[in-house]
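Student: Got a minute to go through this one with me? I'd like to start with the strands.

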Amino acid sequence: MIQYKLQPYSIMELGQRANQEDSMFPALGQSTGQDRLFVLCDGMGGHAKGEVASAAICEAMSSYILARWTPDQPLDDFLFNEALNAAFDALDARDTDDPKKMGSTMTFLCFHAHGVTVAHIGDSRVYQLRPATGDSPARVVFKTRDHSLVNDLVAVGEITEEEARNHPQKNVITRAMQPHQPYRVKADIKHITDVKVGDYFYMCSDGMLEQTSDDNLLFIIFKDDTSNEDKVEMLREVTRDNRDNHTAHLIQ
């Protein structure tokens, strides 16, 4: 059985928006070293819509799993998908007649007896970051692949990675959780067992990444002689002028 000692931190900033549509579990400032389950969602649909969707998903998924699982057990895909269906049910229950459907991305991270389960829908991300060792520099071990139009265009060779960064449709996502969908979208699931002391997991809404590259993220997280609290402040500082809501869990 894999055991973990975790140090979690959280960020939630409004950006240049009138309302906060991101949601996170545990709530801002509430995570502790005993937590093993983390969820982060970026809502969409405008005032009183996006925040409803993101909060419903965070609450439904976390409460469903915590009622049926403990950290000394493995977490199987069946339980995760049952929790995802519970979140869709919660969205359906909060649906209105508004033709502009509310919706949300979903990112999920769980440390359990057999490793780490990562799952996502949309363009909020989960990173696994590893410090430099010997001749190997600090690096991104894993990151989720955005469900986005520009990623699809890159995959078929229509645009380059560089063009994708500044593409006018870079915020168009191809997968999201919405109520009363004729087909409930599936999450991409990743099982990670290669976890080492000193690794960081970074979950973030796309707003955190407006002006932050992967290289800049690695520089901040593995800056010498810098406390985790200072790293969180550096992440806040580099996103000070970001337009979108921006929210993150940082877990060492």
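Tutor: Sure. First a definition: two strands count as paired if DSSP finds at least two bridges between them. And keep in mind that this is a predicted model.

Student: OK, so over how many bridges do β10 and β11 pair?

Tutor: β10 and β11 pair over 4 bridges, in the antiparallel sense. For one example, Tyr202 has Leu250 in β11 as its bridge partner.

Student: What's the strand order in the open sheet?

Tutor: The order is β1-β11-β10-β7-β8, 5 strands with antiparallel pairing. β1 and β8 (139-143) are the edge strands, each pairing on one side only. On average, neighbouring strands are turned by 20° against each other, direction ignored.

Student: Switching to helices. Which residues of α6 are buried?

Tutor: In α6 (residues 228-238), the buried ones are Asn228, Lys231, Val232 and Leu235. Down the α6 axis they fall within an arc of 100°, so they line one face of the helix.

Student: And what do those buried residues pack against?

Tutor: They pack against β1 (8-13), β10 (200-204), α5 (214-221) and β11 (246-251).

Student: New topic: at roughly what angle do α1 and α2 cross?

Tutor: Roughly 140°, with the axes of α1 (residues 50-66) and α2 (residues 77-93) coming within 8 Å. The crossing is right-handed.

Student: What classes of residue are in that contact?

Tutor: The α1 contact with α2 has 15 nonpolar, no polar and 1 charged residues. Among the residues that meet there are Ile57 and Met61 in α1, and Phe80 and Leu84 in α2.

Definitions and conventions: Residues numbered from 1 in each chain as written. Predicted model: local features only at pLDDT ≥ 70, side-chain atom pairs only at ≥ 80, totals over all residues. Heavy atoms only, no water. Buried < 20%, exposed > 50% of the residue type's maximum accessible area, 1.4 Å probe, protein only. Helix = DSSP H or I, 4+ residues; strand = E, 2+ residues; numbered from the N terminus. Arc of directions from axis to C-beta. Contact = heavy atoms within 4.5 Å. Axes fitted to C-alpha atoms, helices over the stretch in contact; angles between N-to-C directions. Left-handed = near helix turned anticlockwise from the far one by under 90°. Nonpolar A, V, L, I, M, F, W, Y, C, P; charged D, E, K, R; others polar.
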